[in-house]
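Biologist: Before the terms of a structural description are accepted, their basis should be set out. Could we go through them in turn?

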Amino acid sequence: MKTQHTPGPWIVEITGKEAFVTAEHGGLCAAISVGKANGQDKANAHLIAAAPDLLAALIRCLPEISVCCIPEMLAQARAAIAKAEQGE
């Protein structure tokens, strides 16, 4: 299934107390309040920005995973891809 998300790469721009995750070629993907002193909000913004790259890498690895891995790992990889592609 072809994903419907904004194509990556996505980048993080932090301005004051907000982090904006935007597509490299324009378009806002997410806005996050970065009020927590422990840095968790900024880390979340960077994780969100990495999502398109992580999804693409997992999809590319799926054929190899299906050959050499534990069935539970394959199921987890497929579930993660489905969650990203279908919002489940």
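The exchange below sets each term against its definition.

Modeller: This is a predicted model, in which local features need pLDDT of at least 70, side-chain atom pairs count only at pLDDT 80 or more, and totals for chains, interfaces and linings use all residues. Residues are numbered from 1 along each chain as its sequence is written, and side-chain values use heavy atoms, with hydrogens and water left out.

Biologist: Why is D41 called buried or exposed?

Modeller: Buried means under 20% relative accessible area, exposed over 50%, and partly exposed in between (1.4 Å probe, protein chains only). D41 has 10% relative accessibility, so D41 counts as buried. D41 is placed in helix α1; helices (H or I, at least four residues) and strands (E, at least two) are DSSP runs, numbered from the N terminus.

Biologist: What is D41 in contact with?

Modeller: With neighbours within four places in sequence set aside, D41 contacts I32, S33, V34, G35 and K36; contact means heavy atoms within 4.5 Å.

Biologist: How many disulfides does a search of the whole structure find?

Modeller: The search finds zero disulfides, a disulfide being a pair of cysteine sulfur atoms within 2.5 Å.

Biologist: Why do C29 and C61 count as they do in accessibility?

Modeller: C29 has 27% relative accessibility and therefore counts as partly exposed. C61 is partly exposed because its relative accessible area is 39%.

Biologist: How do you know what span helix α2 should have?

Modeller: The expected span is 1.5 Å times one less than the number of residues. For the 16 residues of α2 (residues 71-86) this gives 22 Å, and the end C-alpha atoms are 22 Å apart, so the two agree.

Biologist: Which residues of α2 are buried, and why are they said to line one face?

Modeller: The buried residues of α2 are L74, A77, I81 and E85. Seen down the axis of α2, they fall within an arc of 65°, so they line one face of the helix; the arc is that of the directions from the helix axis to the C-beta atoms. They pack against α1, whereas E72, Q76 and K83 are exposed on the face turned away from the buried side.

Biologist: What makes β2 and β3 a pair?

Modeller: Two strands pair if DSSP finds at least two bridges between them. Five bridges join the antiparallel β2 and β3, and V21 stands opposite A30 in β3.
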